[in-house]
Amino acid sequence: MLETSARLLRLLSLLQMHRDWSGPALAERLGVSTRTIRTDIERLRRLGYPVDATPGVAGGYRLGAGSSLPPLLLDDEEAVAVAVGLATAANGAVTGIEETSVRALAKLEQVLPSRLRHRVRALTAATVHVPHPGQSNVDAGVLTAVAAAIRASERLRFDYETHSDAIEQRPPQRREVEPHRLAHWNGRWYLVAWDVGRSDWRTFRVDRMTPRTPNGARFTPRSVPETEVAERIQRGVGAATWRYRARVRVAAPANAVRMRLPAAVTIESDGPNYCVIQVGSDTPHSLTLYLGLLDVDFEVLDAPELGEHLRATAERFLKAAGEN
């Protein structure tokens, strides 16, 4: 006869396999009496599993839907299928559930036997994900490693290649952080974390991270509002990709300019009718066109390269307008 805890798990597995079971059939499968089955059904109900019972000769037991989701039992094939599906969803295959997919995948990875982990990784490695324009490919293993570190409140150590490192072909930097939140935004995954070496908050692109194992020491999570996390990502994402930067004095109030600029641009009020912005782009030419779209007068306070492109663009536009 099975021990009580093992018998309950087996009973739950049987209830999930078929829609209806009679009491005698369950008793035969488990090698116990129908009275024991009734007792075990009550135990499952106390644990939160909604088991419906129908009296009579044709009656029996059925696992129903409750007000909350109890733990589920999955066989090997089901567990592999769910893990692969979650990994696919985490990479943006289904819009809007990327972050919840990563959280669920991290929980599932934690309890998967090693033999099933190997199968999941083999399947995901053999599957090609074609990202849409602007979307980056992220290894599901990296995502789950980061999510697991957040869940366990453990320091995360990794090699990181910044935008400038990639352009100038420098080796990746070693970083150690207290991971706070993962976020999926504009087709990419980002980590907001407290950088231990820099004693400040930083935003990292997950596709540029190579985690190192094991994780570091445990830490007490810092309290940060979710709205602030979102703002940090919006500010950090844009500024991190700028190769050219400039300070520009704009002939418009700060609140009016803010509506026309992304969150990454820093804006400081300079009186009632002016403000100073710190803006950037990949090239001076792109930044020139970007500033022109503001449709207000402005003055470049630094960045001589930007001044050269402004003059060249002005001459080109005057020539197109028929001016000498």
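**Figure 1. Two arginines sit over aromatic rings in this predicted model.** Take Arg249 and Tyr274: the charged end of Arg249 is parked over the ring of Tyr274, 4.0 Å from its centre. Arg222 does the equivalent with Trp194, where the charged end lies over the ring, 4.0 Å from the centre.

**Figure 2. Phe158, Tyr160 and Phe204 make one aromatic cluster.** The model has four aromatic pairs in total. One of them is Phe158 with Tyr160, an edge-to-face pair with 6.1 Å between centres and 80° between the planes. Phe158 is buried, at a relative accessible area of 0%. Tyr160, at 7% relative accessibility, is below the 20% cut-off, so it counts as buried too. Tyr160 also pairs with Phe204, again edge-to-face, at 5.0 Å centre to centre and with 85° between the planes. What does this second pair tie together? Tyr160 belongs to strand 3 (residues 156-160) and Phe204 to strand 6 (residues 200-205), so the contact links parts that are 44 residues apart in sequence. Both Tyr160 and Phe204 are buried.

**Figure 3. Five strands build an open antiparallel sheet.** Reading across, the strand order is 6-5-4-3-7. Strand 6 and strand 7 (209-212) are the edges, each pairing on one side only. From one strand to the next, the twist averages 50°. Which helix packs on this sheet? Helix 7 does, touching strand 3, strand 4 (173-185), strand 5 and strand 7. The direction of helix 7 makes about 95° with that of strand 4. Now zoom in on strand 5 (residues 188-195), which pairs with strand 6 in the antiparallel sense over six bridges. In one of the details here, Asp195 has Asp200 of strand 6 as its bridge partner.

**Figure 4. Thr144 is a buried residue of helix 7.** Helix 7 covers residues 140-152. Thr144 has a relative accessible area of 8%, under the 20% cut-off, so it is buried. Which residues does Thr144 touch, leaving aside its neighbours within four places in sequence? They are Leu105, Ala106 and Glu109.

**Figure 5. A cis peptide bond joins Thr213 to Pro214.** Omega for this bond is near -5°. Pro214 is in the loop between strand 7 and helix 9. As background, most peptide bonds are trans.

**Figure 6. Asp295 and Ala303 both have a positive phi without being glycine.** Most residues other than glycine have a negative phi, so this kind of backbone setting deserves a look. For Asp295, phi is about 60°. Asp295 sits in the loop between helix 11 (284-292) and strand 11 (298-300). Ala303 also has a phi of about 60°, and is found in the loop between strand 11 and helix 12 (304-320). Buried or exposed: what are these two? Asp295 is exposed, with a relative accessible area of 68%, whereas Ala303 is buried, at 17%.

**Figure 7. Confidence peaks in strand 3 and bottoms out in helix 9.** Across the protein, pLDDT averages 80, and 82% of the residues score at least 70. Strand 3 has the highest confidence, at 95, while helix 9 (residues 226-240) has the lowest, with a mean of 67. Where pLDDT is low, the predicted coordinates should not be read in detail.

Notes:
Residues are numbered from 1 along each chain as its sequence is written. This is a predicted model: local features need pLDDT of at least 70, side-chain atom pairs count only at pLDDT 80 or more; totals for chains, interfaces and linings use all residues. Side-chain values use heavy atoms; hydrogens and water are left out. Rings of Phe, Tyr and Trp (its six-membered ring) pair if their centres lie within 6.5 Å; planes under 30 degrees apart count as stacked, over 60 as edge-to-face and the rest as tilted. Buried means under 20% relative accessible area, exposed over 50%, partly exposed in between (1.4 Å probe, protein chains only). Helices (H or I, at least four residues) and strands (E, at least two) are DSSP runs, numbered from the N terminus. A charge sits over a ring if NZ of Lys or CZ of Arg is within 6 Å of the ring centre and within 35 degrees of the ring normal. Contact means heavy atoms within 4.5 Å. Two strands pair if DSSP finds at least two bridges between them. Axes are lines fitted to C-alpha atoms, for helices over the stretch in contact, and angles run from 0 to 180 degrees between N-to-C directions. pLDDT is the predictor's confidence in each residue, from 0 to 100.
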